[in-house]
Amino acid sequence: MKMTELTYIAPCHFGLESVLAGELKRMGAQAVTPDNGKVEFSGGMDMMARANINLRTAERVLIKLASFPAKSFEELFQGVKTIPLEDFIGKKDAFPVKGWSLNSQLHSIPDCQAIVKKAAVERLKAHYHQDWFSETGPMHQIRFSIMKDTATIMLDTSGAGLHKRGYRAKSNEAPIKETLAAGIIDLARVKDFSQVYDPFCGSGTFLIEAALKALNIPPCLRRKFAAQDWGLCDPIVWQQ
């Protein structure tokens with residue numbers, strides 16, 4: 001399978017959309033479009049890897065598979081069923097479903113999850129000519145959002161949230177999320193020559209994020225991402 005260009009969605013804290021958009025533009029992402037609580041952008045598989053490793057204020061990196069009207073369960077089912085999931089999901093891969101709904105006629109999350117899962121199974125059954133899926137392979141988390149009767153179906157390339165940087169040997173209770181701290185540091189325009197003081201230092205999140213930014217060290221260099229196990233791209237793209 002060859003994928004030269006994909007559309008991605010990177011969720012973020014409300015208020016950090018412009019910061020995240022700036023990160024993506026500096027990274028070379030195309031069609032960067034900020035929205036409420038997220039930024040949409042496009043690029044190749046290498047961009048997926050770079051975004052996961054280098055973005056400081058994104059919560060996840062999601063592949064946008066489709067967006068369509070969904071005022072009924074039938075519309076949701078048919079919309080998901082038309083998505084070429086086989087381009088990403090193999091016959092043994094796991095594909096659980098998570099999502100949310102807001103201001104929409106389809107408001108029952110468990111029912112929406114069941115419909116999305118059923119549609120995905122029917123699509124893959126028709127493609128792989130098998131009636132049962134073991135789901136013992138790599139995780140391909142399907143995520144959906146339904147906002148004002150429009151469903152968006154996505155595939156999570158990150159796995160654990162990107163605020164889990166991988167640099168903490170032990171996790172302590174912290175008053176602020178790493179991604180939010182990174183956003184504040186960006187807005188404070190911390191440079192390699194800056195001196196940062198945190199008189200209320202608890203677990204050191206502000207100081208760690210400031211040091212990473214000042215020294216231009218990728219925040220998620222020491223962790224693994226879900227898409228690394230998919231085998232869809234050259235492993236070298238994750239070594240940047």
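**Entry 1. Surface patch**

I looked first for nonpolar surface and found a patch of about 280 Å² made by Trp100, Leu102 and Met147. Patches here consist of residues with over 30% relative accessible area and no salt bridge, with nonpolar side chains (Val, Leu, Ile, Met, Phe, Trp, Tyr) joined within 5 Å and like charges within 9 Å. A salt bridge is a side-chain nitrogen of Lys or Arg within 4 Å of a carboxyl oxygen of Asp or Glu. Accessible areas follow the Shrake-Rupley method with a 1.4 Å probe, and for residues only the protein chains shown count as cover.

I note that the model is predicted: local features need pLDDT of at least 70, side-chain atom pairs count only at pLDDT 80 or more, and totals for chains, interfaces and linings use all residues. Residues are numbered from 1 along each chain as its sequence is written, and side-chain values use heavy atoms, with hydrogens and water left out.

**Entry 2. Strand 5**

I placed leucine 102 in strand 5 (residues 97–102); helices (H or I, at least four residues) and strands (E, at least two) are DSSP runs numbered from the N terminus. Leucine 102 has a relative accessible area of 42% and is therefore partly exposed, the class between buried (under 20%) and exposed (over 50%), with a 1.4 Å probe and protein chains only.

Valine 97 also lies in strand 5. At a relative accessible area of 12%, valine 97 is buried. Setting aside neighbours within four places in sequence, I listed its contacts as Gln113, Val116, Lys117, Gln141, Ile142 and Phe144, where contact means heavy atoms within 4.5 Å. From valine 97 to proline 175 I computed 30 Å, C-alpha to C-alpha, across 78 residues of sequence.

**Entry 3. Hairpin**

I then turned to strand 2 (residues 30–35) and strand 3 (residues 38–43), which run antiparallel and are joined by 4 bridges; pairing requires at least two DSSP bridges between two strands. Glutamine 30 has serine 42 of strand 3 as its bridge partner. The two strands form a hairpin with 2 residues between them, and glycine 37 in the turn has a positive phi of about 75 degrees.

**Entry 4. Whole chain**

I counted 6 helices and 7 strands, in the order β-α-β-β-α-β-α-β-α-β-β-α-α. The C-alpha trace spans about 60 × 40 × 35 Å along its principal axes. The radius of gyration is 19 Å, which agrees with the value near 18 Å for a compact globule of 240 residues; it is taken over C-alpha atoms, and the globule rule is 2.2 Å times the number of residues to the power 0.38. Of the 240 residues, 48% count as buried.
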